[in-house]
Amino acid sequence: MKILNSVKQKWLNLDEAWKFAVAAFLIARLFYVIWSWVILTVQPVAVHYITTDAKPSVIFLNLYNLQPHAYLRQVNGNILSFRSASKDIVLDQQTSSTWDIYTGTAIEGYFKGTRLTPAVTPSDMFPYYSAAPYPNAWLGLWQRFDVNWYTTVAENGYGSISGDDHYPPLFPLLIRLIKPITGNAFLAGLIIAHLATLYALKLLYDLYTQSEGKLAGRSTLLYFLIYPTSFYLFSAYTESLFIVTALLALRAMQMKSWNWAGFWVFCAISTRLQGAALLLPLLYLMWRDAPFLGKIQHWTGSAFAGIGMLFYLFLRSTQVKDIAIPFSEPDWHARLVPPWETYAYAVQTLLSGKFNYIDFLNWFVMTLFVVLLLLGWRKTPMEYNLYTAFSLLIILTRIVETQPLISMSRYSLTLFPVFLTIGRVDKSPWGRRIVIYTCIALSLYLSQEFFGWGWVA
């Protein structure tokens with residue numbers, strides 16, 4: 001009883017921002033705990049459609065043991081589609097015949113006794129690189145895509161796999177430091193991301209409530225937390241860590257603590273290259289703190305920030321054969337272009353009709369965030385506008401020919417000032433409900449795709 005009373009008293013004495021952040025964090029985490037359990041229970045086999053040697057194929061991936069099984073899906077002139085039924089069984093949607101995923105044989109229904117022709121699973125379909133799949137399936141659902149890049153770098157350093165120089169060093173370094181405690185690099189990354197998410201929610205609460213008032217600020221934080229790709233905050237991705245470093249940098253700039261501002265800009269750039277977007281608000285607020293570059297802290301703070309950029313370029317220079325600045329990246333089908341060219345290419349792709357829903361979502365998010373930035377420009381502090389605008393330019397200057405505006409739906413999470421505008425236009429109860437229901441529905445769908453190794457960002 002004494003322990004419970006002590007905990008209760010500490011909770012009552014806790015800062016209001018921390019109370020709200022902790023409560024919001026726990027609710028959101030519980031939401032994804034339940035949803036991931038539902039996915040493992042209802043859809044334990046992920047189904048992926050690919051083309052093998054110009055023939056339509058299917059890959060069944062058991063989410064418990066992560067064993068892929070690939071087959072051609074044309075039977076008697078029919079191209080079959082499938083859905084998960086249990087850990088080892090799928091049903092075709094044409095006849096509801098029951099198929100064993102390990103042998104590709106129909107065991108019940110119209111096609112009983114028919115066997116699918118085996119195909120080859122592409123080696124890069126489910127890339128873990130040097131990171132071993134986490135043995136617990138429930139947690140292992142979060143070990144997807146970039147997570148394995150970061151954990152591989154953390155365990156083996158740079159140069160172990162081609163292209164790992166794209167991933168800045170701070171997050172892998174933190175994973176490496178925490179791994180001796182957790183015994184697993186992926187688990188270490190999860191813990192870091194969760195702690196960073198909790199702190200980010202507290203900092204965002206401060207930002208939103210100070211700007212818009214308590215009620216509107218809380219609503220704004222709610223919109224951020226139910227944003228369709230917010231589930232990335234709970235995986236071993238860098239979104240939450242980057243948001244923390246960016247918020248701390250901007251707060252230090254506003255307090256004219258230039259050395260700390262430079263340090264946090266350094267950390268942001270060491271987390272992801274988008275951190276360079278903080279250089280513009282840094283210089284702007286230094287200019288406001290007249291005389292511009294007339295104080296020693298202006299120079300030391302700028303030096304910290306500049307070293308962050310130089311350090312990242314130096315790191316790349318040790319890994320790549322050509323110039324460290326990635327003007328052209330053939331292996332990634334990417335290159336640097338004027339920002340309007342990337343946007344025009346996205347529009348062109350949509351008009352061609354040869355696109356998937358992710359291409360449309362990325363274009364919609366980019367367009368929406370540009371519009372919201374312009375709508376909220378006068379009411380949002382200039383340093384936040386500059387950070388958002390420069391971030392958008394950085395994203396737009398890199399074009400990937402295989403997917404326009406790649407990962408924009410995820411990158412937009414880091415454009416937290418835009419959510420201030422979303423909170424301000426939140427006036428109609430019906431409009432509010434539409435936004436909330438749409439965001440939650442999209443979040444459920446996109447996270448379900450992510451759990452099954454579907455590329456959503």
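This tour moves from the whole chain to one small sheet.

The model is predicted, and for that reason local features need pLDDT of at least 70 and side-chain atom pairs count only at pLDDT 80 or more, while totals for chains, interfaces and linings use all residues. Residues are numbered from 1 along each chain as its sequence is written, and side-chain values use heavy atoms, with hydrogens and water left out.

Begin by selecting the whole chain, whose C-alpha atoms fill a box of roughly 80 × 65 × 50 Å along the principal axes. Of its 457 residues, 51% count as buried, a term that means under 20% relative accessible area with a 1.4 Å probe, protein chains only. Among the contacts with a separation of 6 or more, 65% are between residues 24 or more positions apart, where contact means heavy atoms within 4.5 Å.

Next, colour by secondary structure, which shows 17 helices and 12 strands; these are DSSP runs numbered from the N terminus, with at least four residues for a helix (H or I) and at least two for a strand (E).

Now select β1, β2 and β3, which form an open antiparallel sheet in the order β1-β2-β3, where two strands pair if DSSP finds at least two bridges between them. β1 (45-52) and β3 (68-72) stand at the edges with a single partner strand each, so one side of each has no neighbour in the sheet.

Finally, select β1 together with β2 (residues 55-62), which run antiparallel and are joined by eight bridges. Within this pair, pick Val45, which stands opposite Asn62 in β2.

Terms used:
Buried < 20%, exposed > 50% of the residue type's maximum accessible area, 1.4 Å probe, protein only.
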